[in-house]
Structure formats: C-alpha cells, structure tokens
Amino acid sequence: MPATEWREARIAEVVRETRDAATLVLDVDGWGGHRAGQHVDVRLTADDGYQAQRSYSIASAPEDGLRITVERLEDGEVSPWFVDIAHKGDRFDVRGPFGGWFVWSAEQTAPLLLIAGGSGLVPLMSMLRHRRNAHSHVEARLLVSARDPDDVLYANELATIGAELVFTYTRRAPAGWSGYTRRVDREILADVAFSPDRGARTYVCGPTAFVESVANDLVALGHDSATIRTERFGATGG
Ligand SMILES: Cc1cc2nc3c(=O)[nH]c(=O)nc-3n(C[C@H](O)[C@H](O)[C@H](O)COP(=O)(O)OP(=O)(O)OC[C@H]3O[C@@H](n4cnc5c(N)ncnc54)[C@H](O)[C@@H]3O)c2cc1C
C-alpha cells in the first residue's frame, strides 16, 4: 500500500513519558516499515465527522515497530487527546512514513551529532535506538535543550544508549547542576560540536526558531551546511 494512503492505527499501549508527553505504541495492518528520522501523518475524526490532521515523528527504531511520542500543548487541538485521553484500543488514521532527507541509517560511518529542542528529540531517539540495535560504533553525541530535567523524554533509556549526552536546562536545572542553563547558543555549539574537519553528520530537530538559530550558528562556526539536516516541528515555542 502506498505511503500516501490512510490506514487504521490501533493503540496497543500508551506509555507515559513525562508530565506532558506520552508514547503511543501502534498496530497498523500492513505497515511497511520506516527509516530512522521519518514521520507519519495522523488524522483524528470526531463523531460529527470533523477531522484534524497533524504530523508526528516516529520514535521507534525501524526494527521495533511503530511508536510516536506526543507532547501536550496546553491550548492545542490534537496533542492533548493523545497525551491525556487516548487509551489502548482507540483507533485513528495514519499515513506514511514520510521524509527521505532527515534520515539516518546504521550503514553511515561519519560521527553523529544530534541536537534536540524539546520534543525534537523524538526522531533523534529513533536514530539512537537504531544505532544501538545495529551495534553501530559510530561516535554519537546528543545535545538536548529542555525546560527542566523532568521534561527530558526517555531520560532513563538515554542514560544507557551509548551516546555522549549534553543537556541544557532553560528554566530549572537540578540542584548542584554545573552544566548549561540557557538556550542553545553559538558558545554551547562551539563546545559540543565535533570539529568541522571530522566530517560529522548533524541532525537538528525542534521548534522552527530553535532549528533555524542552531543551523545558522553551526554554519557561522564553520560547519558545512550540506552536512546539517533539519526538521522543523512548527511554531516558535520551546
Ligand atoms: C514533521 C513534523 C514532525 C512532528 N513531530 C512531532 C513529535 O514527534 N512530537 C510532538 O509532540 N509534536 C510533533 N510535531 C508537532 C505536531 O505536528 C503538532 O504541531 C503539535 O502536536 C501541536 O498540535 P496541536 O493540535 O496540539 O496544537 P494546535 O492546535 O495546532 O496549536 C495550538 C497552539 O500551539 C502552537 N503550536 C503548534 N505547533 C507547535 C509546536 N510544534 N511547538 C510549539 N507550539 C506549537 C500554535 O501556534 C497554537 O498557538 C511535528 C510536526 C512536524 C511538522
């Protein structure tokens, strides 16, 4: 079945990730698999026929079926349903996977730099899970910008995923924290990025303004824009 056709997804499980986010484990008949970094479209239909459509990155590795992670936006139309109301057995429509550029495969050998703003971590987690499953030895570094430590998705799993982790907390840091406490800026990127001569592949994902400022700063620091791949989740929040 082509990726552009809508298919029914059944929620097999809802996993609470943080106060504001949940992962949905989905069963989709005839799902043809995906690549790490891709996303799906989802479509919800109300009893009166009203439909709302959004995009969500795939959180799972290609080897591990289909999971999405949704963060609730307080005034959002769709995300609160996924995070607070949806439960096992609920159904909605999905199509995809989509995206042929913002993808990573374990066959790649260049060092991997992943930079996430908030829920922008979702597709990057798919890449890290794929790297782990494939026993890839590619050097991987992950920079996460989060409001506070309780907001970091997949925190326990990240601790054992085999990547070098760097966090910056924009609103509240843990007691005794000596790391970064501000939005990602050029100085942080100068510390965290691989030297431009290492030929690293960089993936940046998050709110639009976050992604644009990180990508611009990386280029200003001498990184080749052809090595930087970006995914914008929309809006300017984060
Ligand atoms: C390719 C792609 C992949 C995405 N992957 C994910 C994902 O893995 N997890 C996830 O939680 N979201 C993801 N998103 C964002 C998602 O599609 C929705 O935009 C988000 O869930 C808000 O939908 P909503 O209906 O709840 O809010 P809406 O009713 O659409 O918007 C409510 C308010 O929030 C603002 N807003 C809308 N989107 C955002 C945003 N992304 N950040 C901050 N403010 C926003 C709007 O301007 C509006 O004021 C992705 C978006 C794209 C384009």
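What volume does the second largest pocket have? In this predicted model, the second largest pocket has a volume of about 180 Å³. Its lining is made up of L44, T45, A46, Y50, Q51, A52, E77, V78, W81, R91 and F92. Three strands, β3 (39-45), β4 and β6 (91-98), each contribute at least two residues to this lining. Sorted by class, the residues around the second largest pocket comprise seven nonpolar, two polar and two charged members.

The largest pocket encloses about 1,100 Å³ of space. It is lined by 41 residues, and those closest to its centre are E71, L73, S119, P207 and F233. Several elements of secondary structure take part in the lining of the largest pocket: β4 (51-57), β5 (66-71), β8 (140-146), α5 (208-220) and β11 (228-232) each supply at least two residues. The class composition of this lining is 13 nonpolar, 17 polar and eleven charged residues. Where does the largest pocket lie with respect to domain 1 and domain 2? Residues of domain 1 (7-98) and residues of domain 2 (112-233) both enter the lining, and the largest pocket therefore lies between the two domains.

The surroundings of the ligand were examined next. The ligand is surrounded by 22 residues, of which S55, Y56, E71, V78 and S79 are the closest. E71 is also listed among the residues closest to the centre of the largest pocket, and V78 is one of the residues that line the second largest pocket. Polar contacts to oxygen atoms of the ligand involve both side-chain and backbone atoms of the protein. In the side chain of Y56, an N or O atom is 2.7 Å from an oxygen atom of the ligand. The backbone contributes through E77, where an N or O atom lies 2.9 Å from a ligand oxygen, and through V78, where a polar backbone atom is 2.8 Å from an oxygen atom of the ligand. On its own the ligand has 900 Å² of accessible area, and the protein covers 74% of it.

Enclosed space was considered separately from the open pockets. Rolling a probe the size of a water molecule over the atoms shows where empty space is left. The count comes to one cavity of 30 Å³ or more, and the largest cavity holds about 60 Å³ of space. Its lining consists of E71, G118, S119, L121, V144, S145, A146, R147, D151, V152 and L153. Strand β8 provides the largest share of this lining, with three residues. By class, five nonpolar, three polar and three charged residues line the largest cavity. Both E71 and S119 belong to this lining, and both are also named among the residues closest to the centre of the largest pocket.

Two features of the backbone complete the description. The peptide bond from G96 to P97 is cis, with omega near 5°, and P97 is located in strand β6. H135, a residue other than glycine, has a positive phi, near 55°. This residue is found in the loop between α2 (121-133) and β8.

Methods. Residues numbered from 1 in each chain as written. Predicted model: local features only at pLDDT ≥ 70, side-chain atom pairs only at ≥ 80, totals over all residues. Heavy atoms only, no water. 1 Å grid on protein atoms, 1.4 Å probe; cavity = no way out; pocket = protein on both sides within 12 Å on 5 of 7 lines; lining within 4 Å. Points joined across faces, edges and corners; volume = space filled by probe spheres on them. Helix = DSSP H or I, 4+ residues; strand = E, 2+ residues; numbered from the N terminus. Nonpolar A, V, L, I, M, F, W, Y, C, P; charged D, E, K, R; others polar. Domains from an automatic or database assignment. Near = heavy atom within 4 Å. Polar contact = N/O pair within 3.5 Å; in protein donor to acceptor, adjacent residues only side chain to side chain. Areas by Shrake-Rupley, 256 points an atom, 1.4 Å probe, with all protein chains shown as cover.
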